[in-house]
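Got the viewer open? Keep the selection box handy, and we'll go from stop to stop.

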Amino acid sequence: MRKAGITVAVLFAATGALAGGRDLSIAIGKALFERAWVPAPSSTLANDGLGPLFNARACSACHQGLDRAARIPDGQGGFTHQGTVVKLSDADGRHDPSYGGQLQTASIPGFEPEGRITMTDAGAGVGDLSFGPMADETRAGLRAAPALRGLGLLAAVPEEAVLANADPDDRNGDGISGRPNWIASPDGSHRLGRFGLKASGVSLAAQTELAFAMDLGMSTLGQPALAGDCLNETCRAAPHGGTLTEPEIRHDLVAMLADYLANVPPPESMTTLEGEKLFAAAGCASCHVPSLPSSHGEVRAFSDLLLHDLGDSLDGGATEPGVAPTEWRTAPLWGMSRAIAAKSGLLHDGRAAGVAEAIALHGGEASAARARYDAMKDTDRAALVRYVEGL
Ligand code: HEC
Ligand code: HEC
């Protein structure tokens, strides 16, 4: 069978699923999420085509149990994370000319990985670079893998409901100017970005295709580069498992993966009336909007899915086109209790050990909310933190 990538028949056997239609698609999607891909040999296309550069062999290696990973102390006062990557770009989101948009820290046999992530007091950096220095303008930015729960609900929030909270020019003068991240489609139309830490993913399928390209080095219809995020001649010439007309991962498989993720239920949150009041009084709810409407009912994600500038202390180094390095999608707070229980760090790079530390790093548009929190009496501050920890 000369087919690039894996066939549905093989996965059908792997999942043992006998149910039809939707359930089967979700079961196959789950198997794909957990599957450890392997490199393509140079002699044949009939293989997966991992790499030549990659960060992990499976989605689930970074998104373990669909939750955020725990912080792993590095023995020098710092920490690392399973599933952490380093993004690369200049201040305007242009990728490094030879290392691309992400540092790949693993490679197939016979090839050098691009380099490794270094952690110092000054933050994350890159070391042992294989292809010479990066461009002077390139900035490195650490990103922790987020939890993947309830994403189907975020997908189901109508655009108008997100736009209703946008106030890009801060007309109401509250210092908060959330704005949507419009992403251009090849046909010239624009779609609302809602996934990823910079809200640049328009759908779960598009986000999945990006993950195949950046994290696993595999091509899809939407991300057809056969060598993934590799730009230099050496790794472009490496073996891979696909052709331009037949990508390594067929689109029906991408769709099943997206279908699986769309059906993972949201985390359960514990809310209290007292906490809710304090959350609103401090102004947290202006960005962490407790409830959005959707075709599947109320979405209690505690996010407006908009971009906000949180100031220099949350400058993420690398960024994406049209999004400042200090701008982030409001992090959904549902699942906070799971993140706290797993001892995973908070914020985009996992640097905050807990909720209070995360609030202390809120600047820019969130300065006023942080100041209101700081001005609360001790018992209220503690109650507010407990409330967020229970979400
Ligand atoms: C090397 C680690 C790694 C691997 C492997 C990986 N991811 Fe991710 N994933 C991340 C990181 C880091 C982010 C946040 C990136 C960002 O937005 O800057 C992310 C973000 C996402 C998001 C967006 C979540 C949200 O809240 O909007 C989805 C969906 C996702 N990944 C799915 C996948 C799928 C599907 C695969 C496998 C095909 C995969 N990931 C493989 C690290 C990884
Ligand atoms: C101006 C909008 C805005 C306001 C106001 C705001 N936040 Fe945030 N919050 C964000 C954004 C954007 C992020 C993501 C920042 C990052 O990842 O670096 C975030 C991240 C967080 C996180 C970390 C979540 C995670 O998944 O790691 C917590 C906890 C949090 N906020 C709590 C609060 C609390 C409590 C308040 C009120 C005192 C508040 N925020 C006010 C926009 C806001």
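Here is the route: the ligands, then a pair of helices, then some backbone details.

First, some housekeeping: this is a predicted model, where local features need pLDDT of at least 70, side-chain atom pairs count only at pLDDT 80 or more, and totals for chains, interfaces and linings use all residues. Residues are numbered from 1 along each chain as its sequence is written, chains are lettered from A and ligands numbered from 1 in the order in which they are written, and side-chain values use heavy atoms, with hydrogens and water left out.

**Stop 1: ligand 1**

Select the iron atom of ligand 1 and look for His63: its NE2, at 2.0 Å, is the only protein donor. Donors here are N, O and S atoms within 2.8 Å of the metal (3.2 Å for Na, K and Ca), and as water is not among the atoms, sites may look incomplete. His63 itself sits in the loop between α3 (59-62) and β2 (71-73); helices (H or I, at least four residues) and strands (E, at least two) are DSSP runs, numbered from the N terminus.

Now show the 27 residues around ligand 1, where Cys59, Cys62, His63, Gly196 and Leu197 come nearest. To be near, a residue needs a heavy atom within 4 Å. Next, turn on the polar contacts (pairs of N or O atoms within 3.5 Å; within protein, one must be able to donate a hydrogen and the other to accept it, and residues adjacent in sequence count only if both atoms are side-chain atoms). A backbone N or O atom of Gly196 is 2.7 Å from an oxygen atom of ligand 1, and a polar backbone atom of Leu197 is 2.7 Å from an oxygen atom of the ligand too. Arg329 uses a side-chain N or O atom, 3.0 Å from a ligand 1 oxygen atom. Color by element and you'll find that α3, β4 (85-89) and α6 each give two or more residues to this shell; α6 gives the most, seven.

**Stop 2: ligand 2**

What comes nearest among the 23 residues around ligand 2? Pick Arg68, Cys284, Cys287, His288 and His362. A polar side-chain atom of Arg68 lies 2.3 Å from an oxygen atom of ligand 2, while one of His288 is 2.8 Å from a ligand nitrogen atom. Add Leu347, with a polar backbone atom 2.7 Å from an oxygen atom of ligand 2.

**Stop 3: α6 against α8**

Back to α6 (residues 204-216), this time with α8 (residues 251-262): their axes come within 9 Å and cross at roughly 115°. Axes are lines fitted to C-alpha atoms, for helices over the stretch in contact, with angles from 0 to 180 degrees between N-to-C directions. For the contact (heavy atoms within 4.5 Å), select residues including Leu204, Thr208 and Phe212 of α6 and His251, Val254 and Leu261 of α8.

**Stop 4: backbone details**

Zoom in on Gly51 to Pro52, a cis peptide bond with omega near 15°. Pro52 is in the loop between α2 (21-34) and β1 (53-54).

Finish at Asp170, a residue other than glycine with a positive phi, near 45°. Asp170 is in the loop between α5 (159-163) and β9 (181-184).
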